[in-house]
Amino acid sequence: MAFIVNTNYHNALVEALNPQTSMQTTPPLSLSFQPQVDMKSGRVLGYEALLRWFDPLFGAIHPEKCIEIVNFYNLTHSLNQWLVMEAIRHLAYIHTDQHIAINICAKALDMSFAQDLFKNIINAKYDPSRLHIEITEHKAPKSFIELSKTVTWLRRQGIKVALDDFGTGNATMKYLTYMDFDTIKIDKSYVQGIDVDSSKKLTLGCLLNLLEASGATLLAEGVETEGEAETLNDMGIQLAQGYLFGRPQSLSHHFDKTPKKAATVSRLF
Ligand code: G
Ligand code: MN
């Protein structure tokens, strides 16, 4: 265990996950939003929501450590429910054609979670396609067959599903053989320095050949320089995320300090 067990972490986390606490001006748990852009048009298509935990007692807790603590105390389900509600709440502050993507690990993405998520987005009267799920592939799911059923069901309801950090997990190919995704996010390790490193370019080229048949839209992660963006464009990747286009920040930061309230509800069923 990489962190020292401290019962205060448990209490702090339970308190932070309370919906009342989330409404405070500076809540301990918050979301940071990083733009996902179409490099051709320059449009911000949506934002990936990244978890931030700042505890009054412990200070800033690194996201990886945060996930470790959450898992240790079996609070993954509560955290994921919190993530869904916060993501839905923030949809009101962005344009009606933009989405918010949340990270859910493959292990936690079961039918009951998916159905709850769908119910919540419908109750909030948003178009389900404005919520994206990024499946982190580091931890293998309990069953690929069950996961593929859930992913198919979610996509049928209009919720977009992305495979995150592609090329870093030990089951990368298995995901592709079992299910289809709307988006595949190419991990930053394949992207960084792509304009100056010919062997990296060759590797990414091979990956792209492989992914062509998947039918998914590709998004390059961790784009930091104009050179990388240009090379990716030349290689046919149109969507990107990275410091070049915007760091993870509060939504009000992305909207020049004045969050845009959506003028109308995007779609009613
Ligand atoms: O894999 P995932 O999509 O969840 O990646 C999000 C993580 O990557 C966050 O921790 C974020 O801060 C980091 N990140 C986002 N853009 C960049 C970038 O351009 N460069 C680097 N080094 N890290 C980035
Ligand atoms: Mn992600």
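Modeller: Let's start with a definition: a residue is exposed if 12 or fewer other C-beta atoms lie within 10 Å of its own, and buried if 20 or more do. Keep in mind that the model we're looking at is predicted.

Biologist: Okay, let me try that out. Why does Asn74 count as exposed?

Modeller: Count the neighbours: Asn74 has 8 C-beta neighbours inside 10 Å, so it counts as exposed. You'll find Asn74 in the loop between α3 (63-72) and α4. Its backbone is worth a look too, as phi of Asn74 is near 55°, a positive value in a residue other than glycine.

Biologist: And what about Asp165, is that one buried or exposed?

Modeller: Asp165 is buried, because 20 other C-beta atoms lie within 10 Å. Asp165 sits in strand β6, and it is another residue other than glycine with a positive phi, near 50°.

Biologist: Let's move on to helices. How do I check the length of one, say α6?

Modeller: Compare the end-to-end distance with what you'd expect at 1.5 Å a residue. Helix α6 covers residues 144-156, which makes 13 residues, and it reaches 18 Å from its first C-alpha to its last, close to the 18 Å expected.

Biologist: Which residues of α6 are buried?

Modeller: Leu147, Thr150, Val151 and Leu154 are the buried ones in α6. Look down the helix axis and these buried residues fall within an arc of 100°, so they line one face of α6. Over on the other side of α6, Ile145, Thr152 and Arg156 are exposed.

Biologist: What covers the buried residues of α6?

Modeller: The cover includes α5 (111-123), β5 (131-136) and β6 (160-166). And when you walk off the end of α6, watch for Gly158, which follows the helix and has a positive phi, near 100°.

Biologist: Can we read α5 the same way?

Modeller: Sure, go through the steps again. The 13 residues of α5 should span 18 Å at 1.5 Å a residue, and the end C-alpha atoms are 18 Å apart, so the two agree. The buried residues of α5 are Ala114, Leu117 and Ile121. They cover an arc of only 65° around the axis, which puts them on the same side of α5. Ser112, Lys119 and Asn123 are exposed on the other side of α5.

Biologist: What do the buried residues of α5 pack against?

Modeller: They pack against α4 (76-91), β5 and α6. After α5 comes Lys125, with a positive phi near 65°.

Biologist: Now strands. What should I have in mind before I look at one?

Modeller: Here's the general idea: in a regular strand, side chains alternate between the two faces of the sheet. Now for the case here: 7 of the 10 residues of strand β1 (residues 29-38) are buried, so the strand is largely enclosed by the rest of the structure.

Biologist: How many bridges join β1 to β2, and do they run parallel or antiparallel?

Modeller: There are 9 bridges between β1 and β2, and the strands run antiparallel. To see the pairing, find Leu31, which stands opposite Leu51 in β2, and then Gln36, opposite Gly46 in β2. The two strands form a hairpin with 5 residues between them, and Gly42 in the turn has a positive phi of about 80°.

Biologist: What else does β1 pair with?

Modeller: Try β9 (residues 239-240): 2 bridges join β1 to it, and the pair runs antiparallel. Asp38 stands opposite Leu239 there.

Biologist: And which other strands does β2 pair with?

Modeller: One of them is β4 (residues 99-105), joined to β2 by 3 bridges and running parallel. Tyr47 has Ile100 in β4 as its bridge partner. Another is β3 (residues 59-61), which pairs with β2 in the antiparallel sense over 3 bridges. There, Asp55 has Gly59 as its bridge partner, and β2 and β3 form a hairpin with 3 residues between them.

Biologist: Last one, the ligand. How many residues surround ligand 1?

Modeller: The shell around ligand 1 has 15 residues, and the closest are Asp165, Gly222, Glu224, Gly242 and Tyr243. So you've met one of them already: Asp165 is the buried residue we looked at earlier. Both β2 (44-55) and β6 supply at least two residues of the shell.

Biologist: What kinds of residues make up that shell?

Modeller: Sort them by side-chain class: the shell divides into 4 nonpolar, 4 polar and 7 charged residues.

Terms used: Residues numbered from 1 in each chain as written. Chains lettered and ligands numbered in written order. Predicted model: local features only at pLDDT ≥ 70, side-chain atom pairs only at ≥ 80, totals over all residues. Helix = DSSP H or I, 4+ residues; strand = E, 2+ residues; numbered from the N terminus. Expected span 1.5 Å × (residues − 1). Arc of directions from axis to C-beta. Contact = placed C-beta atoms within 7 Å. Near = placed C-beta within 6 Å. Nonpolar A, V, L, I, M, F, W, Y, C, P; charged D, E, K, R; others polar. Pairing = 2+ DSSP bridges.
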